[in-house]
Structure formats: C-alpha cells, structure tokens
Amino acid sequence: MSAPGHVRPRVWGALALAGLFLLLGVGGYSLRRDRERLARVFSQERELRGLAQAVQAEQAWLMRQLTRPLDDPRGLIETYAAGTRVTVRGAEEEMLSDAIRLRRVALELDGVSWEEISTILEAFETQNPPWRLQEIDLRSGLAGLEGRLRFEGLEAAE
Amino acid sequence: MPVVSEDWLDPSAWAHVQVAWGLVRDTDLLRLGRMTRGGAAELFHVSEKEWGEGCSLRGRLEQEVRQGARLVAGLAPSRVMLRTLHSPIQDPVKSAEILPSLLDAALPFPLESCVVAFGESRRAEEGGMTCLAAAIRLEDLQAECRSWESLGLNPDCMVPEALILARATPGVHVWIGSGRSVFVHWTDSGFAACGGAKDTARDGRTLGRFLGAISGAPAPEWAGPGGDDYEEVLEMGLARAGLGLGNIRMNLRADAAAHPGLLHRARRTRRILLTLCAMLTALAAGMPLVLRTVVNVHFEAARTRMAGAYRELTGSASPPGQERLLLERWIDREWGGVRAATERVFAPELRAGMGEVLSVAARLGITVRAWNQDAETFGLTFAADRSLAERFEAEIAGFGWYGDLTEAEAGAWRFLGRREP
C-alpha cells in the first residue's frame, strides 16, 4: 500500500494557482493589446470607407451633372451671338481621370459691346454642363471692346 | 517514522459523509453510536457474540457503510500514547521541526516503529510552543485493524478515546463502561494525562493511582454507561468526530495504513483536484489563444474588407495594412485634379455682379475702358475724376468688390481688388 501523500496538493496547487494567475495576466495583457490592434484596424477601415464613400459620392454627383457633352463653343456663338466679331481659339483638352475630361476654350473679341459680352457669358454659363468663365481681359478699342474671354468645362469621357 | 499528514488528521475535511458510526469495544460488548449530519443520534450496544451471529443492527450498519457511512473506532489508552510536547523555540516553524525529536524522547518505543500525529501548536504560557502528539506502534495499529476485522468491521478512522472524552472542560473525566474504564485529565492549558483500566470500580486501584498523581485533583466527572452522565459516551463522540464535528483532528489510521476505501477516495479527490487544476490551467492558457484567434479572425476580415474597398475604388491591390494611406494618396493623385476642376466649374459664376458694376458705372457716367478678371482678382480701368472714382469705389463695395483705387494717368483710374464671398 503506497502512501497517497497529501490529498489536497498544497504546493502544487499553489504553484498551479500562481501559474494560472500568471497565464491569466499574460493572456489579459495580450488580449488588451489585440483589442487595441483590432480597434485600430476598425478605425482605419471606417476612415477608409469614409474616404471611399466621399469620392464615390462626388463621382456619382459629377456623372449626374455630365450626362451631356459640352456644347460646341462655335455653335453657341452662332446661336446666341451671331454677327459678333468673336473668334474661338485655344481649344484644349485634358484627361483628369479615365472618365472625366477638362476642356478649355478662349474667345477673341474685337469691337463688341458690353451687352453682347453679357449675352455670350450667359449663353456659355447656363448650359448643362456649363462652360464656366475663368478669365476676362477686356479693354476699350476703337470700335468697341476688344480682348479675350476664357472658359473651361467638364465632360464625361467617351 | 510515518507522520500523519495534515489531510488525514480529519478526512471529513475532504471526504464528506452524511452518516457516521462511532465504535467502542467494551470487553465483550460492542458499543455503537450513530449520528447524521442533520443531528439525529442513536446509541446501540450489542454483545460480540450476537454481532458475530449477524444481528439486524449489523445488517443496518453494513448497508449504511455500503452507502458511504463512516466508521470511527476509538483507540484505548493502552494502545495509544498521548504526549504534550513543550518546545522552547518561539518560532512555530522551527519549533515544528524539533517536535519529532521531543516526541522520540517522550516515548518508550523507537519513533520509527510508530505512526504519529501532531496537533496544532500553540504558544505556551511559560514561553515557547506546546503541541499535543499521539503515537501508536504500527504493529498495534495493525492489530487494532485486525481486531475490528474479526468483527467484520473496517473503521475508516481511529481516534484516541481520551481525546473524545469531555475534551473542552478542564477537570478529570472518567468514562466507565461495562468491562473497562477510560480517564483523562484536562487542565486550562489543555491535555494533561490519560489512562485506562480493566475494571469499572470508581475506587479502582489504577484510577486511584491516576488521581493520586494529580496534585489537588478535582472530583472526577463520571460518564458512560456506568457513570452519571450516560450522554457523555465515547461512541457518540467518535461518531461526531467522523462527521468532522468537535474539532477532533487526531486520526491515526492514515496514509500507508489508511482504510482502502478512504485511500481510494483520497486518490480520487486528489486526481479530481489535479484534473481541475490542469483544466483551469489549460483554460487559462487556452482562453487567450481562443480569444486571440477570434480577434485575428475579425482583424483579417476587416483587412479583407479594406482591401476590397480599396480595389473597388482604385482597381488595384494594396500592400496589407496600407490601404488607408494609399487611398489618400490615390485620391490626391487621381481625383485631386477632378475635384479642383469641379470646384472651379461648378463655383458661383464669375460674371455674377458684373452687370451691377456696369450699371453703376453707366449711372455715374463712367466709361469702363478695361476689365480684367480671373477666379480671384479683378481689375477695372475707367475714366472719371477723383470724386466720381471714389464714389464708384464706395458703391461697388456694396456688391462685395473691394480693392485699391489708383490714378493710372490723368483722368483715368485703376481699381485692383478681389471679390469677397
């Protein structure tokens, strides 16, 4: 018959308990770090989604505005200011992204009145999408106002 | 020298029972006390002859033993030696180390041949520590076991009868049975001496010598079947001890000599405790891993969603963890131009206010010679005298046109400014 030793293993129990607390402590610390790591990645995800949604919302809004191509500047002049001495110059195009194109155009004026200029400006700026006036450079000449108007507009790439 | 370990001094601390029987052999009589945890107490006595023939009481006891009842047998003073040990050392731990040596000196047998149990040490009035110790020769313990086995009984515990007898009260207590007696002297400071006799006379020679050895011996209190107080019986005290009541922590049937059933239970209890410890440790070790796995699953899911959102917008993949930073750069690079152009193209019209300025000029009789304007600045050149130019400047400020008025040449003014929103 062998001796059973202590029924309640005090030393081993104490050691196991100490080990248990140590493991719990290490586990708790590790868990807290993991939780912080998770909170960080969730925060990043929220920010990323916020950025993406903002851009997607801007894209969607812009594409709704650009359902039509920009009107041809010469056609606008012929329609709204026929007979004025206006020349379309400096037409430029720039692809801002795969889907968006920026167009610039300059109108050379010679001997036009303020009223005619107002008509041209209104014609260009009230289109959908608009040609937005970016620069005016006018001065009085011998036969009226002369100078230049610069416009730019956005349209969806084909 | 087998020393009874702490756990075995009172097995009821780890092996609870609901019923305990106290067993006392009184010459050819067997005295039994039965007690339940609920407090129900019964006393029996039966001759060994009747017991051997299989009386109904024996059948009842054997059935209850099978159901887990505990049997506690008393050890007569002739079998067990009780000694109060005095250690001059104040420190309890160091004092405990010399207790075996002190006991060895106090015993007539070699300590190695005995099973010994030490009670709780406490501070002695005269200084140092004092401790009650019990010792029984291993062969005596085995003989006791055999003796009980001859009656078909196998006690779980064996406790000195002298410790059961009126333990809490100072004085001389004598238990008188049918064929023997037990006597014990308790003082205010604890156990003093004990003895036993094979006669039951109150004026017996052995008891007389025992009382004579006590200076100023108080009048004995007589208990037991032959005494004045029948309730103060050994068998009931033993049964109480079997239930863990009465703080009798001096079981000598322990460790190697323990009852096989109790030994099995001890091992099982130990195994359960160890298993519990192992499970708790595994749980404590495993729980963080499980939680970490859960965290990692969520982490990877968030990463996958981020990668998907990045890919959906940009059409390309990103190194893991850099999606947010790279998306910001992508937006600046790919969308910055569109955003700036959109702000320009869909900003308030540049011509806004132009009509009002021209109408003010017409009303004041001013001729506008030149007009230069872009998104941020504008310049007007017009012909007017000073007072008219200043009035013109004041009026167009009302439309949000602010700037500096300078005379460009005689009779011509230049207004350079900016538009306030």
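Which residue of β14(B) does A:D137 stand opposite? These legends take a close look at that spot and a few others in a predicted model, in which local features need pLDDT of at least 70, side-chain atom pairs count only at pLDDT 80 or more, and totals for chains, interfaces and linings use all residues. Residues are numbered from 1 along each chain as its sequence is written, chains are lettered from A and ligands numbered from 1 in the order in which they are written, and side-chain values use heavy atoms, with hydrogens and water left out.

**View 1. Strand β3 of chain A pairs with β14(B).** Here is the partner we asked about: A:D137 stands opposite B:N372. Strand β3 of chain A covers residues 132–141, and the two strands run in the antiparallel sense over four bridges. Strands (E, at least two residues) and helices (H or I, at least four) are DSSP runs, numbered from the N terminus, and two strands pair if DSSP finds at least two bridges between them.

**View 2. A salt bridge joins A:E58 and B:R339.** The side chains meet at 2.9 Å, N to O. A salt bridge is a side-chain nitrogen of Lys or Arg within 4 Å of a carboxyl oxygen of Asp or Glu, and the rule finds five across the interface of chain B and chain A.

**View 3. Chain B meets chain A.** Across this interface, 68 residues of chain B are in contact with 61 residues of chain A, where contact means heavy atoms within 4.5 Å. The area buried between the chains is about 5,900 Å², with carbon and sulfur atoms giving 66%; buried area is the accessible area (1.4 Å probe) that two parts lose on being put together, summed over both.

**View 4. A:Q65 sits in helix α1 of chain A.** That helix covers residues 10–65. Is A:Q65 buried or exposed? The residue lies in between: A:Q65 is partly exposed because its relative accessible area is 22%, given that buried means under 20%, exposed over 50% and partly exposed in between (1.4 Å probe, protein chains only). Leaving aside residues up to four places away in sequence, A:Q65 touches A:N128, A:P129 and, from the other chain, B:F346. The C-alpha atoms of A:Q65 and A:A156 are separated by 9.3 Å, although these residues are 91 residues apart along the chain.

**View 5. Chain B holds 12 helices and 17 strands.** Of its 421 residues, 46% count as buried. Among contacts in chain B with a separation of 6 or more, 59% come from residues 24 or more positions apart.
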